[in-house]
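Here's a quick tour of one protein model, with an eye on its strands and its charged pairs. Pull up the structure and follow along.

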Amino acid sequence: MSVRIILLLFVLTISQNLMSQRNCGSMDHYHELMDQYPDFKENRKAIEKATQAFINNPEKAVNGIITIPVVVHVVYNTAAENISDAQILSQITVLNDDFRRMNSDADNTWAQAADTEIEFCMATVDPNGNATNGITRTSTSVTSFSTNDNVKFNSSGGKDAWPRDDYLNIWVCDISGGILGYAQFPGGPAATDGVVNDYQYFGTTGTATAPFDLGRTCTHEVGHWLDLFHIWGDGPCGQDDGVGDTPTSDNPNYGCALGHVSCGSTDMVQNYMDYSDDACMNLYTQGQTTRMRALFDTNGFRESLLNSNGCGQGSPPTCTDGVEWTGNWCRLWWT
């Protein structure tokens, strides 16, 4: 075998190994915003302060199910990238199953695993009040996008966001550099707020590609959008993810490294915020749940979504006594 062939096989092997590992661009995007968006740093401080106050307050302003309207923007250059409605709906099913802990692979390995009581619905009303299926489709001449947010603007070959006060925007496209997806943390510009997901790792059918073919890339990225950091805190043992009931770790875990120990404890490799393969992930914790739900507290960064009419009013009230019915959500009002 020639040296050239050996080198080619080596390069192909390295490339395949890289593509078989999860790679999230959210923290790169986070630091880019820190550098480019003057208000982001101060907004993050305010959000974290409010989150800690929420964690310490036993009387929460929001009780019961929170339902978030979703719009999916498919931005495609090839026919394969123009994923089907069925593939999109399969992802919404995964989000609901994962966030409500109704996923079939949920187990009792970690006692702190929790139902976040957060749900997602495809938008039925667009920003102009017209009926919609919650999906936009944009043909583009751009062959791939990066974490620079070009996919989020008509002017750069993407699709403008719908108002973040009323919708979770999810863009599905071809992302370059081996990035499976990235999200904007709370506190960034409204025009770029949302999640970007590569079309090959979205949903459970169509173009969904193993080992990331169970929709957990979007579950992971929506976790960032709801203010969760990677479970290892993107640093050594002394750096934390801001959640008290997730074990300290010093690095991401890949594949399904069950039983891996770091920082003196077993890593929670099954957590959606690690880098494990889709089939290995199966939980959010109670601490992560509290952190996410803090965003919907009074004056919380994503509180406005509680009053969104993005999913219309097609469902009858199911609230218990003392809860006011508002649109498609139950909210406990304290006076």
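A residue counts as buried when its relative accessible area is under 20%, and as exposed when that area is over 50%, with partly exposed in between. Keep in mind that this is a predicted model. With that cut-off in hand, Asp-278 is an easy call: its relative accessible area is 0%, so it is buried.

**Salt bridges across the chain**

- The model has 13 salt bridges, counting a side-chain nitrogen of Lys or Arg within 4 Å of a carboxyl oxygen of Asp or Glu.
- Asp-278 is in one of them, paired with the side chain of Arg-22 at 2.5 Å, N to O. The two come from distant parts of the chain, 256 residues apart: Asp-278 sits in the loop between β8 (265–266) and α6 (286–293), and Arg-22 in the loop between α1 (3–19) and α2 (26–36).
- Arg-22 is buried as well, since its relative accessible area is just 4%.
- Another salt bridge brings together the side chains of Arg-291 and Glu-48, at 2.7 Å from N to O. Arg-291 belongs to helix α6 and Glu-48 to helix α3 (residues 40–55), so this pair ties together parts that are 243 residues apart in sequence.
- Is Arg-291 buried or exposed? Arg-291 has 1% relative accessibility, so it counts as buried. Its partner Glu-48 comes in at 25%, so Glu-48 counts as partly exposed.
- That pair is also part of a network of salt bridges, which links Arg-44, Glu-48, Asp-227 and Arg-291.
- Arg-216 and Asp-105 meet through their side chains too, in a salt bridge of 3.0 Å, N to O. Here the link spans 111 residues, from Asp-105 in the loop between α4 and β2 to Arg-216 in helix α5 (residues 216–225).
- Arg-216 is buried at 3% relative accessibility, while Asp-105 is partly exposed at 26%.

**Strand β2 and its link to β1**

- Why call strand β2 (residues 118–122) largely enclosed by the rest of the structure? Because four of its five residues are buried.
- β2 runs parallel to strand β1 (residues 66–76), and five bridges join the two. Getting from β1 to β2, the chain passes through helix α4 (residues 85–99), and this β-α-β crossover is right-handed.
- For a landmark in that pairing, look at Pro-69, whose bridge partner in β2 is Cys-121.

**Strand β4 and its neighbours**

- Strand β4 (residues 168–173) is mostly covered, with six of its six residues buried.
- In a regular strand, side chains alternate between the two faces of the sheet.
- In β4, Leu-168, Ile-170 and Val-172 point one way, Asn-169, Trp-171 and Cys-173 point the other way, and all are buried.
- β1 turns up again here: five bridges join β1 to β4, and the two run parallel. One position to check is His-73, which has Trp-171 in β4 as its bridge partner.
- β4 also runs parallel to strand β6 (residues 195–198), joined by four bridges. In this pairing, Ile-170 stands opposite Val-195 in β6.

How values were computed. Residues numbered from 1 in each chain as written. Predicted model: local features only at pLDDT ≥ 70, side-chain atom pairs only at ≥ 80, totals over all residues. Heavy atoms only, no water. Buried < 20%, exposed > 50% of the residue type's maximum accessible area, 1.4 Å probe, protein only. Pairing = 2+ DSSP bridges. Right-handed = clockwise from strand over helix to strand, strands pointing away.
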